[in-house]
Amino acid sequence: MTETVLRTTDLVAGYIPGVDILNGCSVYVEKGELVGIIGPNGAGKSTLLKAIFGQVNIRSGAIELNGGDITGLKADKLVSRGVGMVPQNNNVFPSLTIEENLEMGSYQKPKMFKERLEFVTDLFPELGKRLKQRAGALSGGERQMVAMSRALMMDPSVLLLDEPSAGLSPVRQDETFINISIINKAGVSVLIVEQNARRALQICDRGYVLDQGRDAYSGSGRELMNDPKVIELYLGTLAAGQEKATADKAKAAELPATE
Ligand SMILES: Nc1ncnc2c1ncn2[C@@H]1O[C@H](COP(=O)(O)OP(=O)(O)OP(=O)(O)O)[C@@H](O)[C@H]1O
C-alpha cells in the first residue's frame, strides 16, 4: 500500500500582499518516490518549495506531512518534523569543514550525529575520506553533495531540492543527478525542482509541470518526457526533444557504470 509523505492541496501563496505566485497548486509525494517539478521560468517552482518550507506566506490551501497538517509552520519546526530542504544558494558553510557542516545538519538532534554520519558516508564514501576538508574548497558538485548530506542528517521524511544542478558544469550536473538517485534508492522520498527538465524527468518516478503557479500536467517521468504537449510547451520542439532525450538517456545509462 502506498503512503503519502507530503501533500499540498490547492496552495495559494505569494511574497507580496495581493500578488499570488502559487494559484492553487496540488502535488504529492509517496513514500520512497522521487518527484520532479518542472516548468517555465517564473512558474513558481522554487516558490512552491519555499512555501512548503515555511518561507512564503500561504493565503489558502494546506500542506500535510505524513498526514499531519504543517501549513504555516516555520522552518525550524519543519526540520524537526521531518522536512529536509536544500536551497539553491548558500547551502553550505564554506569556512567550516565537511564534518562541521554535517554537525550543523544535526544540531537539533546531536545524538543522531554518529548514526547519520555513517548513513551519509555509506552513501557517499568520498565524504567520509574528506571530513576535515573545508567546504569552501570543494567543487560545485561536491558542495551540492555536502548540502544534501547535511539535510539528510535529521533523517527527513522528505528531502526538498531546489534546482540542485543550477550553476554546475554538465559533468557536475550529471554527478549531482546520480547522487540524487543514490539518495532516493536508499529509501529517501525526494521532491526536486529543476530547470534542467529532461535530465530531471529521466531520474524521476513522477513529475509535475507547473505553469503560472498551477500544476498544469502530471505523469510519470517517461510520460511527461514523451507528451507532445509538454514537449512543445516546455521541453522545446518535438523532434529536438526526442533527439535530446535519446542522447541524454544514452549518456545517463553510461554514467553510473563508469563511476
Ligand atoms: N523574494 C521574492 N519576492 C517577491 N517576488 C518573488 C520573490 N522570489 C520570487 N519572486 C517572484 O515569484 C515568481 C516565481 O518565481 P520562482 O523563483 O518561484 O519561479 P521558478 O519557477 O522557480 O523560476 P526559475 O526557474 O526562473 O527560478 C517570479 O515572478 C518571481 O519574480
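1. A useful cut-off to start with: a residue is called buried if 20 or more other C-beta atoms lie within 10 Å of its own. Gly 221 has 20 such neighbours inside 10 Å, so this glycine counts as buried. Please keep in mind as you read on that we are looking at a predicted model.

2. Staying with the same glycine, you will find Gly 221 in helix α9, which covers residues 221-226. Which residues is Gly 221 in contact with, leaving aside its neighbours within four places in sequence? They are Gly 36, Leu 201, Gln 202, Cys 204, Asp 205, Arg 206 and Gly 207. If you would like a distance to check on screen, try Gly 140: the C-alpha atoms of Gly 221 and Gly 140 are 26 Å apart, with the two positions 81 residues apart in sequence numbering.

3. Now to the sheet. Four strands form an open sheet in the order β2-β1-β4-β5, and their pairing is antiparallel. The edges are taken by β2 (22-30) and β5 (68-69); each has a single partner strand, so one side of each is left without a neighbour in the sheet. As a reminder, strands of a sheet pair through backbone hydrogen bonds, either parallel or antiparallel.

4. Within that sheet, β1 (residues 4-14) and β4 (residues 57-65) are joined in the antiparallel sense by seven bridges. Two pairs are easy to look up: Ala 13 has Ile 58 of β4 as its bridge partner, while Val 12 is partnered by Ser 60, also in β4.

5. On to β4 and β5, which run antiparallel and are joined by two bridges. Here Glu 64 stands opposite Asp 69 of β5. The hairpin of these strands has two residues between them, and Asn 66 takes a positive phi near 50° there.

6. What surrounds the ligand? The shell consists of Tyr 15, Ile 16, Ile 21, Gly 39, Asn 41, Gly 42, Ala 43, Gly 44, Lys 45, Ser 46, Thr 47 and Gln 195. By type, the shell residues divide into seven polar, four nonpolar and one charged.

7. Finally, a word on confidence. The protein has an average pLDDT of 89, and 90% of the residues score at least 70. For residues 237-243, however, the pLDDT is below 50, and this stretch has six contacts in the model beyond near neighbours in sequence. Residues 252-259 also have a pLDDT below 50, with four contacts of that kind. For the complex, the predictor gives an ipTM of 0.96 and a pTM of 0.89.

Conventions
Residues numbered from 1 in each chain as written. Predicted model: local features only at pLDDT ≥ 70, side-chain atom pairs only at ≥ 80, totals over all residues. Pairing = 2+ DSSP bridges. Buried ≥ 20, exposed ≤ 12 C-beta atoms within 10 Å, placed from the backbone. Contact = placed C-beta atoms within 7 Å. Near = placed C-beta within 6 Å. Nonpolar A, V, L, I, M, F, W, Y, C, P; charged D, E, K, R; others polar. pLDDT = per-residue confidence, 0-100.
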